[in-house]
Amino acid sequence: MIVGIVATASFFTMIEAPPLFKAKKKKELWLFSILLLIGTGLCISVSLDIVIPNPLDLVYVVFKPMSRLLDNLLK
Amino acid sequence: MTNNVKISIRQFTILMMFYTIGTTILVIPSTLAADAKQNAWIAAIVGWLLGLLIVYLYFSIGKLYPQMTLIGFLEHTLGKWFGKLVSLIFITFSFLGASTVLFYLANFMTTQVMPETPIGAFIILFAALVFMGVRLGLEVLSRSAEILFPWFLILFVVSSILLIPEIEIQKMKPIMEIGIKPTIKAALAYIGTASLPLVLILLIFPSALNQKKGAGKAFMIGTLLGGICIILITFLSISILGADFSSRNMYPSYALAKQINIGNFIQRVEILMAGMWFMTIFFKASFYAYGVVAGITQLFGCKDYRPFVFPCGMIIAAYSLVVYPNVAYMMDFDSTVYIPYVITIGLLLPLLLLVIGSIRKKMSSR
């Protein structure tokens, strides 16, 4: 599984990085590598069943009071 | 950025229709029936009309600065740092949207169609398709929408016609029994899934259109057509399955297509219905995914979004397995917290932006 993920990531690097490298786009290269690193890390941790923080939980906490208000209004 | 991407008015109309239908067709009959019972179709009509107002709001925002995309507009009106912060909210929204849409489809596949295949397989397959589409660009996506449109129409019309003999009109009665509040609640659920996510269309509207004239009309017509499809499906599922069964079923329109039985010969064509969703969900997912990628690209001031599509794709695919830990969480989230969340992002924030933007414009023109 991990081998597959790493292979996919290197495949993406192979097709996307050389043109950026040639054009000397430093910022793009940085952004690309950071995003790819995060992506690979996340995929590996999902495949190993490591718990990842869920952004929906944050949304849940923030909007729960508003949702209760709405429920009471429209009951 | 989208400077050199041009899509025609007709393609834009079709895209808007697909976006409106998107996942809505999959889940909304059940949500509507839970609140508005046998009046779900009335609630859908109310939501449809409200949706037009919302589209008009987005259209007016787009008209303020027609050359700018949403991120550029935010930075222009709110200042550099605050603008970036607000754009981050929109990017998070589209990120969550992309992940949840992928989960919707994969969950549907594992629970209803192919129960023995693990959910990850569907996510990888569908995410690969979506991100290939986004990588190829908006033009390719809108052209494929143009190609798929007749097929969608054929499938939709055929399945609706085949369902007509099953309609039992007494399931619709009594028509005006449900009060105004549950109807509004159901209509809010409708605009939450169908209309308010369209705020992300400001990323391409109207700067990516090849002619600005008629853009607003195309926007309206697209959402109108999509809304008609959803109202029809809701009507059919209420009148055939009944309000109670529709509200308890997770995918009522799929259960609906199972009812098709013409002379004991044409049966079990529910995969036709699923085929329609694959198309609409594909466009909705790629629209969200485009929002994430283009948003991140513009946030960091890069020119071309294409190199970042695949890395972002990996993040979204990974998160689609995380955002909803289980289906109970999904149902709870979608029916309670999602609605105020999407109202804040799709209605309150754009309204605020419209006010600030028009004040800014007036001040600078003076």
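**Exercise 1. Describe the contact between chain B and chain A in this predicted model: how many residues does each chain give, and which element of chain B gives the most?**

Solution.
Step 1. Chain A brings 28 residues to the contact and chain B brings 25. The model is a predicted one.
Step 2. On the side of chain B that touches chain A, two or more residues come from each of α5 (80–113), α8 (180–194), α13 (309–320) and α14 (327–365) of chain B.
Step 3. With seven residues, α13(B) is the element that gives the most to this side.
Step 4. Sorted by class, the side of chain B that touches chain A holds 21 nonpolar, two polar and two charged residues.

**Exercise 2. Work out the span of α13(B) and what its buried residues pack against.**

Solution.
Step 1. The 12 residues of α13(B) reach 16 Å from first C-alpha to last, close to the 16 Å expected at 1.5 Å a residue.
Step 2. A residue counts as buried if 20 or more other C-beta atoms lie within 10 Å of its own. In α13(B), 12 of the 12 residues are buried, so this helix is largely enclosed by the rest of the structure.
Step 3. Among these buried residues are B:F310, B:M314, B:I316 and B:Y319.
Step 4. The buried residues of α13(B) pack against α1 and α2 of chain A, and also against α5, α6 (119–136) and α12 (270–299) of chain B.

**Exercise 3. Which residues have the most contacts inside the largest nonpolar core?**

Solution.
Step 1. The largest nonpolar core has 145 residues. Those with the most contacts inside this core are B:L102, B:A289, B:V293 and B:I316.
Step 2. By element, α12(B) gives the most to the core, with 16 residues.
Step 3. Take B:A289 and set aside its neighbours within four places in sequence: its contacts are then B:A98, B:V130, B:F131, B:V134 and B:I316.
Step 4. B:I316 is one of the buried residues of α13(B).

**Exercise 4. Classify the packing of α1(A) on α2(A): roughly parallel or roughly antiparallel?**

Solution.
Step 1. Helix α1 (residues 2–22) of chain A packs on helix α2 (residues 26–47) of chain A at an angle of about 170 degrees, with 10 Å between the axes.
Step 2. Angles over 145 degrees count as roughly antiparallel. α1(A) and α2(A) are therefore roughly antiparallel to each other.
Step 3. The contact includes A:I5, A:A9, A:F12 and A:L20 of α1(A), and A:L29, A:F32, A:L36 and A:I44 of α2(A).
Step 4. The residues of this contact comprise 13 nonpolar, three polar and two charged.

**Exercise 5. Describe α1(B): its span, its burial and how it packs on α7(B).**

Solution.
Step 1. The 13 residues of α1(B) should span 18 Å at 1.5 Å a residue, which agrees with the 19 Å between its end C-alpha atoms.
Step 2. Of those 13 residues, 11 are buried, so α1(B) is largely enclosed by the rest of the structure. B:F12, B:M16 and B:Y19 are among the buried ones.
Step 3. The cover over the buried residues of α1(B) includes α2 (24–36), α7, α8, α9 (215–241) and α12 of chain B.
Step 4. Against helix α7 (residues 138–163) of chain B, helix α1 (residues 9–21) of chain B packs at an angle of about 75 degrees, with axes 9 Å apart. That makes α1(B) roughly perpendicular to α7(B).
Step 5. Here B:Q11, B:I14, B:L15 and B:F18 of α1(B) meet B:S142, B:R143, B:A145, B:E146 and B:F149 of α7(B). By class, the residues of this contact are five nonpolar, two polar and two charged.
Step 6. B:G22, with a positive phi near 25 degrees, follows α1(B).

Notes:
Residues are numbered from 1 along each chain as its sequence is written. Chains are lettered from A and ligands numbered from 1 in the order in which they are written. This is a predicted model: local features need pLDDT of at least 70, side-chain atom pairs count only at pLDDT 80 or more; totals for chains, interfaces and linings use all residues. Axes are lines fitted to C-alpha atoms, for helices over the stretch in contact, and angles run from 0 to 180 degrees between N-to-C directions. Helices (H or I, at least four residues) and strands (E, at least two) are DSSP runs, numbered from the N terminus. Angles under 35 degrees count as roughly parallel, over 145 as roughly antiparallel, 65 to 115 as roughly perpendicular and the rest as oblique. Two residues are in contact if their C-beta atoms, placed from the backbone, lie within 7 Å. Ala, Val, Leu, Ile, Met, Phe, Trp, Tyr, Cys and Pro count as nonpolar, Asp, Glu, Lys and Arg as charged, and the others, Gly among them, as polar. The expected span of a helix is 1.5 Å times one less than its number of residues. A nonpolar core is a set of buried Ala, Val, Leu, Ile, Met, Phe, Trp, Tyr and Cys residues joined through C-beta atoms within 7 Å.
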